[in-house]
Amino acid sequence: MHALVYHGPGRRSWEQVPNPALQRATDAIVKVDAVTICGTDLHILKGDVPEVQPGRILGHEAVGTVTEVGTAVEKVAVGDRVLISCISACGSCRYCRDGQYGQCLGGGGWILGHLIDGTQAEYVRVPFADNSTHTIPPGVSDEQMVMLADILPTSYEVGVLNGRVRPGDVVAIVGAGPIGLAAVLTSRLYSPAHVVVIDVAAARLEAARKLGADVVVDASAQDPRAVIDQLTAGLGADVAMEAVGLPDTFEQAVRLTRPGGHVANIGVHGAPATLHLEDVWIKNLTITTGLVDTHSTPTLMGLVAGHQIDTSSMITHRFGFDEFDLAYDVFSQPADTGALKVLLTAPVHAETEAGS
Ligand SMILES: [Zn+2]
Ligand SMILES: [Zn+2]
């Protein structure tokens with residue numbers, strides 16, 4: 001089969017590799033039908049995630065069809081159309097028993113495209129298949145569903161639920177990349193008074209408007225705090241979400257939040273940020289961090305199937321598997337290409353390459 005292989009910082013290629021095989025009785029093999037590229041994959045390619053070894057197949061978000069199951073797999077069957085979650089779950093460790101699958105101690109957590117071969121391939125081995133996949137309801141498209149492998153549950157759990165968004169809140173979202181935009185979509189579920197999105201890229205602010213932000217702020221031209229002050233009589237946002245992963249944007253999210261409010265960090269950080277405790281010790285702030293657990297995936301699938309959330313407008317570019325290199329180029333240059341999420345789909349009549 002072919003797969004997107006990481007060869008060390010700055011080096012990747014779509015190349016011929018052996019097909020995956022079942023390793024444990026709880027594994028399944030899934031033929032990948034649709035897959036996307038994540039900002040985290042770009043971090044890996046920059047060398048920011050050193051535990052990813054050269055030779056690793058990248059990718060942790062996909063929709064596919066089960067082709068093989070181990071003898072201990074009970075719920076997933078050959079032929080099932082499944083969502084492959086970015087988080088695998090052993091199902092029985094202390095954290096899994098608490099629904100915190102992202103922290104799994106039993107060999108799960110974020111492992112696909114990280115510690116084991118991932119989904120940017122024609123076939124992928126999925127460990128703990130019963131706990132790590134979701135059967136897709138009829139009538140829901142692959143492209144709607146693939147947004148639920150990572151970005152929707154991440155923004156919803158780590159942004160909206162950790163941030164405790166409530167009806168009537170003023171929600172500030174710093175960063176209008178895919179995660180920030182997914183936070184706009186999922187904040188709307190709680191009927192906030194205002195969703196304010198802050199970025200410096202005009203195309204991304206326009207996308208935020210389309211997805212339901214009623215106020216957008218170009219931080220290169222306007223002071224976000226002044227905009228929030230106007231909406232809140234000088235108090236500050238009830239909830240601020242950081243969806244960039246830089247020290248400045250984290251510190252900005254803290255500055256935008258009212259006393260008693262919530263700061264929910266979603267961004268993946270590679271450098272220390274300053275918490276100005278000398279300012280905020282007195283402000284009753286709650287600051288949360290998190291890796292997605294994907295406990296909300298069934299809820300989000302219901303919302304998509306019931307047409308309460310439409311994720312399809314987040315996909316700006318579509319490619320075939322043989323265009324993987326181009327898809328990476330487009331996704332990694334969003335300022336030039338306007339890319340939000342890119343979708344790669346398998347050829348409909350792909351020949352099965354048994355054991356090659
Ligand atoms: Zn991801
Ligand atoms: Zn576990």
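This is a dialogue on reading a predicted model, from its domains to its strands.

Trainee: Where should I start, and which domains does the assignment give?

Mentor: Start with the broad division of the chain. Here the domain assignment gives domain 1 (2–150 + 293–345) and domain 2 (153–289). Domain 1 is thus written as two stretches of sequence, 2–150 and 293–345. The centres of the two domains, taken over C-alpha atoms, are separated by 27 Å.

Trainee: How many residues of domain 1 are in contact with domain 2?

Mentor: In this model, 18 residues of domain 1 are in contact with 15 residues of domain 2. On the domain 1 side, α1 (39–46) and α11 each supply at least two of the residues that touch domain 2. Helix α1 gives the most, with three residues. By type, that side of domain 1 divides into six nonpolar, eight polar and four charged residues.

Trainee: What should I look for in the largest nonpolar core, and which residues touch the most other members?

Mentor: A nonpolar core is a set of buried nonpolar residues joined through C-beta atoms within 7 Å. The largest one here has 108 residues, and A172 and I173 touch the most other members. This core draws at least three residues from each of domain 1 and domain 2.

Trainee: Which residues does I173 touch?

Mentor: Leaving out residues up to four places away in sequence, I173 touches G180, A183, V184, V195, V197, I198, M241 and A243. Find I173 in the structure and look for these partners around it.

Trainee: How do I read burial for a helix, and why is α5 described as largely enclosed?

Mentor: Count neighbours: a residue is buried if 20 or more other C-beta atoms lie within 10 Å of its own. In helix α5 (residues 151–161), 10 of the 11 residues are buried, so the helix is largely enclosed by the rest of the structure. The buried ones are I151, L152, P153, T154, S155, Y156, E157, V158, G159 and V160. They pack against α6 (178–187), β11 (237–242), β12 (257–265) and α11 (297–305).

Trainee: How do strands pair in a sheet?

Mentor: Strands of a sheet pair through backbone hydrogen bonds, either parallel or antiparallel. One sheet in this model is open, has six strands in the order β10-β9-β8-β11-β12-β13, and shows parallel pairing. Its edge strands are β10 (215–218) and β13 (286–288), each pairing on one side only. Neighbouring strands are turned by 15 degrees against each other on average, direction ignored.

Trainee: Over how many bridges do β9 and β10 pair?

Mentor: Strand β9 (residues 194–199) pairs with β10 in the parallel sense over four bridges. One position to inspect is I198, whose bridge partner in β10 is V217. I198 is also among the residues that I173 touches.

Trainee: What about antiparallel pairing: how many bridges join β3 to β4?

Mentor: Seven bridges join β3 to strand β4 (residues 62–69), and the two run antiparallel. Within this pair, A34 stands opposite V63. Strand β3 also pairs with strand β6 (residues 123–126) in the antiparallel sense, over four bridges. There, I29 has R125 as its bridge partner. Strand β15 (residues 341–345) pairs with β3 over three bridges, again antiparallel. In that pairing, T36 is matched with L343.

Trainee: Why is β3 described as largely enclosed?

Mentor: The reasoning follows that for the helix. Eight of the nine residues of strand β3 (residues 28–36) are buried, so the strand is largely enclosed by the rest of the structure.

Terms used. Residues are numbered from 1 along each chain as its sequence is written. Chains are lettered from A and ligands numbered from 1 in the order in which they are written. This is a predicted model: local features need pLDDT of at least 70, side-chain atom pairs count only at pLDDT 80 or more; totals for chains, interfaces and linings use all residues. A residue is buried if 20 or more other C-beta atoms lie within 10 Å of its own, exposed if 12 or fewer, and partly exposed in between; C-beta atoms are placed from the backbone. Two residues are in contact if their C-beta atoms, placed from the backbone, lie within 7 Å. Domain bounds come from an automatic or database domain assignment. Ala, Val, Leu, Ile, Met, Phe, Trp, Tyr, Cys and Pro count as nonpolar, Asp, Glu, Lys and Arg as charged, and the others, Gly among them, as polar. Two strands pair if DSSP finds at least two bridges between them. Axes are lines fitted to C-alpha atoms, for helices over the stretch in contact, and angles run from 0 to 180 degrees between N-to-C directions.
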